[in-house]
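User: Could you take a close look at the start of this chain for me? I'd like one connected walk-through, with the surroundings filled in where they help.

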Amino acid sequence: EASPGLKRGGVLNIVHHEIPLVCSAESIPESIDIDLTGLDIGAAIHINDVKLPEGCKTITRENLTLVAVSTPTKLADEPAPAAAAAPAAAPAKAPAKG
């Protein structure tokens, strides 16, 4: 709800499901929460943007992209094309001969 990009129909892409960390056995986190507040379409969160738990450090030198909000390929409530939405016209009948 706090991510304008997701509210507008953006798609959350999880780029990395795992984060390489070094920490003591007692400090191994069960999870790392990433706050998506304010994240708009086209924005991303990198490893350097995340507050890691006390005693944990990342072991990668790269600023890994963890998640990104992308533009959807097709909106779910996109209106149907006019030709498909309009009913087909009935064929004209030939005049009766008499």
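Analyst: A word on labels before we start: a strand here is a DSSP run of type E with at least two residues, and strands are numbered from the N terminus. In that sense, Ile14 sits in strand E1, which covers residues 11–14. Keep in mind that this is a predicted model.

Here's the general layout. The chain has 2 helices and 5 strands, and read from the N terminus the order is α-β-β-β-β-β-α. Of its 98 residues, 15% count as buried. Among contacts with a separation of 6 or more, 71% are between residues 24 or more positions apart. The accessible surface is about 7800 Å², with 54% of that on carbon and sulfur atoms.

Now to the start itself. Ser3 comes in the segment before helix H1, which runs 4–7. Is Ser3 buried or exposed? Its relative accessible area is only 4%, under the 20% cut-off, so Ser3 is buried. Its side chain reaches the backbone oxygen of Leu39 at 2.6 Å. Apart from neighbours within four places in sequence, Ser3 is in contact with Leu36, Gly38, Leu39 and Val69.

Two of those partners lead us inward. Leu39 and Val69 both belong to the largest nonpolar core, a set of 10 residues that also includes Ile45, Ile47, Val50, Leu52, Cys56, Leu64, Leu66 and Val67. The biggest contribution to this core, 3 residues, comes from strand E5 (residues 65–70). Val69 also has plenty to say about our region: besides Ser3, it touches Gly5, Leu6, Gly10, Val11 and Leu12, again leaving out residues up to four places away in sequence. Val69's list goes on with Leu39, Asp40, Ile41, Gly42 and Ala43.

That brings up Asp40, which has another link back to the start of the chain. Its side chain meets that of Arg8 in a salt bridge, 2.8 Å from N to O. Arg8 is in the loop between H1 and E1, while Asp40 is in the loop between E2 and strand E3 (44–46), so the pair ties together parts that are 32 residues apart in sequence. The structure holds 1 salt bridge, so you're looking at it right there. How exposed are the two ends? Arg8 is exposed at 53% relative accessible area, whereas Asp40 counts as partly exposed at 29%.

Turning outward, Leu6 and Leu12, both on Val69's contact list, join Ile14 in a nonpolar surface patch with about 220 Å² of accessible area together. Ile14 has a relative accessible area of 46%, which makes it partly exposed.

Just past E1, Glu18 lies in the loop between E1 and strand E2 (21–22). At 65% relative accessibility, Glu18 counts as exposed. Its C-alpha is 9.9 Å from that of Ser31, 13 residues away along the chain.

One last stop is Cys23, in the loop between E2 and E3. Cys23 is partly exposed, at 26% relative accessibility. Beyond residues up to four places away in sequence, Cys23 touches Ile28, Pro29, Gly55 and Cys56, and Cys56 takes us back to the largest nonpolar core. Cys23 also has its C-alpha 9.5 Å from that of Pro53, 30 residues apart in sequence.

Definitions and conventions: Residues are numbered from 1 along each chain as its sequence is written. This is a predicted model: local features need pLDDT of at least 70, side-chain atom pairs count only at pLDDT 80 or more; totals for chains, interfaces and linings use all residues. Side-chain values use heavy atoms; hydrogens and water are left out. Helices (H or I, at least four residues) and strands (E, at least two) are DSSP runs, numbered from the N terminus. Buried means under 20% relative accessible area, exposed over 50%, partly exposed in between (1.4 Å probe, protein chains only). A polar contact is a pair of N or O atoms within 3.5 Å; within protein, one must be able to donate a hydrogen and the other to accept it, and residues adjacent in sequence count only if both atoms are side-chain atoms. Contact means heavy atoms within 4.5 Å. A nonpolar core is a set of buried Ala, Val, Leu, Ile, Met, Phe, Trp, Tyr and Cys residues joined through side-chain atoms within 4.5 Å. Patches are made of residues with over 30% relative accessible area and no salt bridge: like charges are joined within 9 Å, nonpolar side chains (Val, Leu, Ile, Met, Phe, Trp, Tyr) within 5 Å. Accessible areas come from the Shrake-Rupley method with a 1.4 Å probe; for residues, only the protein chains shown count as cover. A salt bridge is a side-chain nitrogen of Lys or Arg within 4 Å of a carboxyl oxygen of Asp or Glu.
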